[in-house]
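Biologist: I'd like to learn how to read a structure like this one. Could we start with the helices and the charged pairs?

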Amino acid sequence: VLTRQGVPVLEGTDGAPVERGAYVLADVDDPAVVLVGTGSEVAVCVEAARLLAEGGLAARVVSMPSWDLFADQDDGYQNAVLPPEVPTLAVEAGAGFGWDRWADDSVSIDRYGASAPGDVALANMGYTPDNVAERARQLVTYLKEDG
């Protein structure tokens with residue numbers, strides 16, 4: 001509703017519990033990473049998860065249309081959606097401010113955007129499945145080495 005670009009209707013969104021603020025859209029057994037998006041970025045996360053799976057890294061995809069509604073949920077629900085022991089990468093076509101509450105890292109921009117056709121601007125700023133998959137691999141590797 002709030003994007004100028006065409007976005008696909010994703011399987012699993014019909015009847016999804018959006019009233020809870022976030023939900024698991026695409027799940028895997030034993031995820032190595034969680035990819036979370038708020039809107040048009042969710043489709044990028046779904047495709048990035050596919051690319052990660054091809055490389056042997058299991059990724060859960062979470063749609064988080066509302067931080068506020070998700071914050072109102074009990075800890076059990078929040079931890080079931082975003083397991084604290086699993087690295088989380090947020091994909092936000094905007095500022096990364098505030099994502100530190102929900103994610104270990106984010107693909108975001110903390111500067112003024114760019115003027116170009118939507119798909120060109122998004123690609124130039126890293127909002128592509130390939131870049132998101134690479135950033136997820138880097139996050140998992142970093143946290144394994146660090147932790």
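Modeller: Sure. Helices here are DSSP runs of H or I with at least four residues, numbered from the N terminus. Keep in mind that this is a predicted model.

Biologist: Okay, what about charged pairs?

Modeller: Side chains of opposite charge can pair when their charged atoms come close. In this model there are five salt bridges.

Biologist: Which residue forms a salt bridge with E47?

Modeller: The partner is R50, and the closest N and O atoms are 2.3 Å apart. Both residues sit in helix α1, and because they are three residues apart, about one helical turn separates them.

Biologist: Are E47 and R50 buried or exposed?

Modeller: In between. E47 is partly exposed at 28% relative accessible area, and R50 is partly exposed too, at 37%.

Biologist: Where else can I find a pair inside one helix?

Modeller: Look at helix α5, where E134 and R137 lie three residues apart, about one turn of the helix. Their side chains meet in a salt bridge, 3.0 Å from N to O. E134 has a relative accessible area of 33%, so it counts as partly exposed. R137 is also partly exposed, with 34%.

Biologist: Which residues are joined into one network by salt bridges that share partners?

Modeller: E47, R50 and E54.

Biologist: Which parts does the salt bridge between D105 and R135 tie together?

Modeller: D105 is in strand β5 (residues 105-107) and R135 is in helix α5, so this pair links parts 30 residues apart in sequence. The N to O distance is 3.1 Å. D105 is partly exposed, with 32% relative accessibility, and R135 is partly exposed at 22%.

Biologist: Now the greasy side chains. What's the general idea?

Modeller: In soluble globular proteins, nonpolar side chains tend to be buried together. In this model, the largest nonpolar core has 37 residues. V33, L35, L52, M64, F70, L82 and V132 have the most contacts inside that core.

Biologist: Which helices and strands supply at least two residues of this core each?

Modeller: The strands are β1 (23-26), β2 (33-37), β3 (59-63) and β4 (88-91). The helices are α1 (41-54), α3 (75-81) and α5 (129-146). The largest share, seven residues, comes from α1.

Biologist: What does V33 touch, not counting residues up to four places away in sequence?

Modeller: Its contacts include L52, L57, A58, A59 and R60. V33 also touches V86, P87, A136 and V140.

Methods
Residues numbered from 1 in each chain as written. Predicted model: local features only at pLDDT ≥ 70, side-chain atom pairs only at ≥ 80, totals over all residues. Heavy atoms only, no water. Core = buried A, V, L, I, M, F, W, Y, C linked by side-chain atoms within 4.5 Å. Buried < 20%, exposed > 50% of the residue type's maximum accessible area, 1.4 Å probe, protein only. Contact = heavy atoms within 4.5 Å. Salt bridge = Lys/Arg side-chain N within 4 Å of Asp/Glu carboxyl O.
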